[in-house]
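Here is a short note for your review. Please read the points below alongside the model.

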Amino acid sequence: MKFVYLLITTVLLYSNAFGQNNSFLIQGKADKRFEGKKLYLDYQQNGNSITDSTVIKNGKFTFKGQADEPNYARMVLDTEGVGKLKAQYTGDRLYFFIGNETYKFNITESLKKATISGSSLHEDFLEYINFIGGDFMDIIDQANSAFAAVPLDAPDKEQQYAAIKQKYDQILEKRNDQQLIFATQNPNSIFSIGALVEVANRRGTKPVESAFYNLSKELQNTINGKELAARIYADKNIIVGSIAPNFSQPDTQGNMIQLSDFKGKFVLLDFWASWCAPCRAENPNLKKAYNIYKPKGLEIFAISLDDKNSKAAWIKAIQDDGLPWIHAADLKGWRNEAAVLYGVKGVPQNYLIDPTGKIVAINIRGEELHKVLAEHIK
């Protein structure tokens with residue numbers, strides 16, 4: 001059993017002020033036992049995921065880059081030579097905040113316990129984390145360790161799992177309370193927008209709405225601020241009975257497809273991604289429904305949350321799963337403009353839209369999909 005909370009984005013934004021520099025520099029030192037080991041750095045630039053890597057040489061390493069807005073970054077030390085895909089889950093990891101500043105890293109015992117100096121942003125982050133009760137990923141790692149410590153043959157295994165989950169749910173709930181307090185008391189701190197995003201991920205947007213609109217206009221206009229505003233709007237306005245907002249996206253050949261192109265038909269607007277296991281598991285059910293209701297006027301308009309790095313995987317998933325409907329994506333990942341417009345915070349997510357453009361059902365899957373389609377499409 002895993003204690004994993006999926007975030008709408010892998011990156012959250014924080015800082016007390018936007019940096020004046022236009023680039024960042026990480027200068028690191030590492031113990032000699034890490035000589036020749038590879039380091040990976042993940043961060044955001046202009047809303048896109050950036051991955052960089054370097055090798056520790058002569059006890060030193062360097063990263064350079066740009067962060068248009070301060071954001072939650074991850075560094076991974078691959079001590080076993082297993083590669084990034086495995087090391088990012090099982091290796092030595094460190095989460096921190098990156099802005100256009102100079103950082104000095106010192107790795108002695110492990111990357112996770114490395115010291116970071118020289119960055120006012122990082123100092124502010126530590127104060128914020130102390131106020132709210134800890135870093136999210138550190139809490140998740142602690143919870144996963146607690147789950148892993150339960151013997152698989154323990155007669156009360158399920159009870160132990162339940163107790164651990166309850167404990168860490170309470171920790172995260174208390175942390176959300178503190179994040180709301182912080183955001184309310186600090187309307188000019190960019191930590192506040194990240195705090196509200198995390199609260200909205202667990203509790204929905206209603207509890208954060210007043211605090212969000214109390215933030216400075218600068219914070220509301222950050223990337224995360226605009227996305228949270230879209231989620232608040234969507235939760236209140238993109239509901240059953242409302243008219244589905246129009247948008248356009250390029251299909252697999254680059255041709256622009258508009259949602260309004262399907263007016264006069266029932267259309268299932270389906271948000272998914274090639275890497276989304278529940279999405280892929282639902283595809284056979286979607287195919288079954290499509291084959292039945294396509295002759296009766298149903299179309300499926302599938303919007304992928306794949307990004308530029310996974311375009312090939314998106315195309316392959318369409319082919320491998322044999323999906324005959326219309327596919328499109330702007331290849332911006334979680335920041336897909338249609339997904340942001342609809343306030344999508346997880347996939348799969350879908351909307352059944354009638355011939356007049358009105359939303360008649362939301363998030364219908366499995367047997368419910370067939371039941372709802374039968375009610376609306378005769």
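**Notes on the predicted model**

1. Start with the contact between two helices. From α3 come Phe136, Ile139, Ile140, Gln142, Ala143, Ala146 and Phe147. They meet Tyr161, Ile164, Lys165, Tyr168, Ile171, Leu172 and Arg175 of α4. Sorted by class, the α3 contact with α4 holds 11 nonpolar, 1 polar and 2 charged residues. Bear in mind throughout that this is a predicted model.

2. The geometry of this pair comes next. Helix α3 spans residues 136-148, and helix α4 spans residues 157-185. Their axes lie 10 Å apart, and the packing angle is about 170°. Angles over 145 degrees count as roughly antiparallel. The pair α3 and α4 is therefore roughly antiparallel.

3. One open sheet has 4 strands in the order β4-β1-β7-β8. Its pairing is mixed. Which strands stand at the edges? They are β4 (60-65) and β8 (115-117). Each has a single partner strand, so one side of each has no neighbour in the sheet. On average, neighbouring strands here are turned by 15° against each other, direction ignored.

4. Within that sheet, look at β1 and β4. Strand β1 covers residues 24-30. It runs antiparallel to β4, and 6 bridges join the two. Phe24 has Gly65 in β4 as its bridge partner.

5. Another open sheet of 4 strands has the order β3-β2-β5-β6. Here the pairing is antiparallel. The edge strands are β3 and β6 (92-98). Both have a single partner strand, so one side of each is left without a neighbour in the sheet. Neighbouring strands are turned by 20° against each other on average, direction ignored.

6. Within this second example, check β2 and β3. Strand β2 takes in residues 38-45. It pairs with β3 in the antiparallel sense over 8 bridges. Gln44 has Ser49 in β3 as its bridge partner.

7. Two backbone details deserve a look. Asn58 is not a glycine, yet its phi is positive, at about 55°. Asn58 sits in the loop between β3 (48-55) and β4. The other detail is a cis peptide bond from Val347 to Pro348, with omega near 5°. Pro348 lies in the loop between α11 and β14 (349-353).

8. Now the second largest pocket. How much space lies in it? The volume is about 260 Å³. Its lining is made up of Asn46, Gly47, Asn48, Asn221, Thr222, Ile223, Lys226, Glu227, Lys332, Arg335, Glu337 and Val340. Two elements, α8 (223-237) and α11 (337-341), give two or more residues to this lining. The most comes from α8, with 3 residues.

9. What is the class make-up of the lining of the second largest pocket? Its residues divide into 5 charged, 5 polar and 2 nonpolar. Set this beside the contact of α3 with α4, where 11 residues are nonpolar, 1 is polar and 2 are charged.

Methods
Residues are numbered from 1 along each chain as its sequence is written. This is a predicted model: local features need pLDDT of at least 70, side-chain atom pairs count only at pLDDT 80 or more; totals for chains, interfaces and linings use all residues. Side-chain values use heavy atoms; hydrogens and water are left out. Axes are lines fitted to C-alpha atoms, for helices over the stretch in contact, and angles run from 0 to 180 degrees between N-to-C directions. Angles under 35 degrees count as roughly parallel, over 145 as roughly antiparallel, 65 to 115 as roughly perpendicular and the rest as oblique. Contact means heavy atoms within 4.5 Å. Ala, Val, Leu, Ile, Met, Phe, Trp, Tyr, Cys and Pro count as nonpolar, Asp, Glu, Lys and Arg as charged, and the others, Gly among them, as polar. On a 1 Å grid over the protein atoms alone, a cavity is a set of points where a 1.4 Å probe fits but cannot get out, and a pocket is an open set with protein on both sides within 12 Å along at least five of seven lines; lining residues have an atom within 4 Å of a point. Grid points are joined across faces, edges and corners, and a volume is the space filled by probe spheres set on the points. Two strands pair if DSSP finds at least two bridges between them.
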